[in-house]
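Reader: I should like to go through this model with you, one topic at a time. Could you begin with the terms you will rely on?

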Amino acid sequence: MQAYLDNSATTKPSAGVINEMTKRMSEMYYNPSSLYKEALEVEKEMNLCRDEIRKSIGAKDARVIFTSGGTESNNLALFGVFGVSRPPIRIAVSSVEHPSVLDAADALTKLGAEIVRIRVDGKGQLDFDQLESELEKGLTLVSVMQVNNETGAIADVKRLSELVREKGSKTLLHIDGVQGFLRCEMDFSLCDLYTLSSHKIHGPKGVGALVVRKGVRLAPAHIGGGQEEGLRSGTENTPGIFGLMQAIKEMKAMPDLKSKLMEKKRMLISAFKDAVPDLIINGPEPETAAPHIVNFGFPNVRGEVMLHALEEEGVFASTGSACSSKKMKVSRVLTEMGIPAKKAEWALRFSLSPYTTCDEINYAAEVVKAKYDLLKRFQRR
């Protein structure tokens, strides 16, 4: 048996998404930039996907720019704002952002931007006092993730928005919604830019979007044919876009999605606590965090060792962000939250989906117990 519990890294495309993409690739393969009827139909369908995204987050008049996924959308937000802003350019990001934001911010320092990293507390929540102080000095952009990809901590977007609007009237607010889209509530009117990614919601890889408030200017990411309002030239990935639209429709059609995910999360925590009584939960209280992510610490067993032990029995989890897990030994997110490096080494992230079954959770708990009982005997002194 297998238990796939790494849905924050990627999700399995649903059968409906695969069928929809296969059909569209066969019947609607035309270039949406062409002028004949069939191509115009493709463009029309793409625009229906934009509408679906707008309705999902209450972004009535916003522009929806299709990209290759969350990383490109985040880069377009940061580099795009930088490219049209007058110096001095100051950008604030939280210290626990995804590498696609933090590394982009670091790259912007070489181009003349000043980057401010906002601290977080032990639950992964922003230091609003520090942010307020930086806003009073003047900020061009604030970029914060809606849901932390390692701990499930949910940003207080409403409070964040109110503070930015009050203290920085010209400051733009970007929310990285890759881990939050459709699984946590979002009101786009609270921000100016919003990132989403298809493969986190059972759609295909290689497609995502940046939602941009009307009137917000951005420098283009790709130069060429002028697609996506000139911000992202290149023939659009239409099969991917149609797959994204199908994934959104399916997720929105699931009754009580958030509460059912939280039910599974409670079950996972209970089963794992029974298996490992000393188990640690890193980050926020489970009920206050996203319903699909939980970060555990297995005392005195390194996360990487536990990861591979579980993998042997078909249980899949993650030591952190999939985009940086091959490079990192200790989670930067956890250490920024004040967790000592030694304890951060024990961490593994487990993440659920609407398709995760009770059998998978119970099987994973059995394997966790067996592997932990074995590995804890060999703890380092």
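Author: Buried means under 20% relative accessible area, exposed means over 50%, and partly exposed lies in between, using a 1.4 Å probe and protein chains only. Helices (H or I, at least four residues) and strands (E, at least two) are DSSP runs, numbered from the N terminus.

Reader: And what kind of model is it?

Author: This is a predicted model, in which local features need pLDDT of at least 70 and side-chain atom pairs count only at pLDDT 80 or more, while totals for chains, interfaces and linings use all residues. Residues are numbered from 1 along each chain as its sequence is written, and side-chain values use heavy atoms, with hydrogens and water left out.

Reader: Which residues of helix 4 are buried?

Author: In helix 4, residues 99-109, the buried ones are Pro 99, Ser 100, Val 101, Leu 102, Ala 104, Ala 105 and Leu 108.

Reader: What do the buried residues of helix 4 pack against?

Author: They pack against helix 3 (70-84), strand 3 (90-94), strand 4 (114-118), strand 5 (141-145) and helix 10 (332-336). Contact here means heavy atoms within 4.5 Å.

Reader: Turning to helix 2, how many residues has it, and what does it reach from first C-alpha to last?

Author: Helix 2 covers residues 37-57, which is 21 residues, and reaches 31 Å, close to the 30 Å expected at 1.5 Å a residue. The expected span is 1.5 Å times one less than the number of residues.

Reader: Which of the residues of helix 2 are buried, and what covers them?

Author: The buried residues are Ala 39, Val 42, Glu 45, Met 46, Cys 49, Arg 50, Glu 52, Ile 53, Arg 54, Ser 56 and Ile 57. Their cover includes helix 1 (15-27), strand 2, strand 7 (193-197), strand 8 (208-212) and helix 7 (238-252).

Reader: What follows helix 2?

Author: Gly 58 comes after helix 2, and its phi is positive, near 65°.

Reader: Which residues other than glycine have a positive phi?

Author: Two examples are Leu 182, with phi near 75°, and His 202, also with phi near 75°. Leu 182 is in the loop between strand 6 (172-176) and strand 7, and is buried at 18% relative accessible area. His 202 is in the loop between strand 7 and strand 8, and is buried at 3%.

Reader: Where is there a cis peptide bond?

Author: One joins Pro 87 and Pro 88, with omega about -5°. Pro 88 lies in the loop between helix 3 and strand 3. As background, most residues other than glycine have a negative phi, and most peptide bonds are trans.

Reader: Let us take Thr 67 next. Is it buried or exposed?

Author: Thr 67 counts as buried because its relative accessibility is 4%. Thr 67 belongs to strand 2, residues 63-67.

Reader: With what is Thr 67 in contact?

Author: Apart from neighbours within four places in sequence, Thr 67 touches Glu 72, Ser 73, Leu 76, Gly 206, Val 207, Gly 208, Ala 209, Leu 210 and Arg 232. In addition, a polar atom of the Thr 67 side chain lies 3.1 Å from the backbone oxygen of Gly 69.

Reader: And Gly 206, which appears in that list?

Author: Gly 206 is found in the loop between strand 7 and strand 8 and counts as partly exposed at 38% relative accessibility. Leaving aside neighbours within four places in sequence, Gly 206 is in contact with Thr 67, Ser 68 and Asn 237.

Reader: How many disulfides are there?

Author: The structure holds zero disulfides, a disulfide being a pair of cysteine sulfur atoms within 2.5 Å. For Cys 191, the nearest cysteine sulfur is that of Cys 184, 14 Å away. Cys 191 is buried, at 1% relative accessible area, whereas Cys 358 is partly exposed, at 44%.

Reader: Finally, how many aromatic pairs are there?

Author: The count is nine. Rings of Phe, Tyr and Trp (its six-membered ring) pair if their centres lie within 6.5 Å; planes under 30 degrees apart count as stacked, over 60 as edge-to-face and the rest as tilted. Tyr 30 and Tyr 36 form an edge-to-face pair, 6.2 Å centre to centre with 80° between the planes. Phe 272, Phe 296, Phe 298, Phe 350 and Tyr 372 form one aromatic cluster.

Conventions: A polar contact is a pair of N or O atoms within 3.5 Å; within protein, one must be able to donate a hydrogen and the other to accept it, and residues adjacent in sequence count only if both atoms are side-chain atoms.
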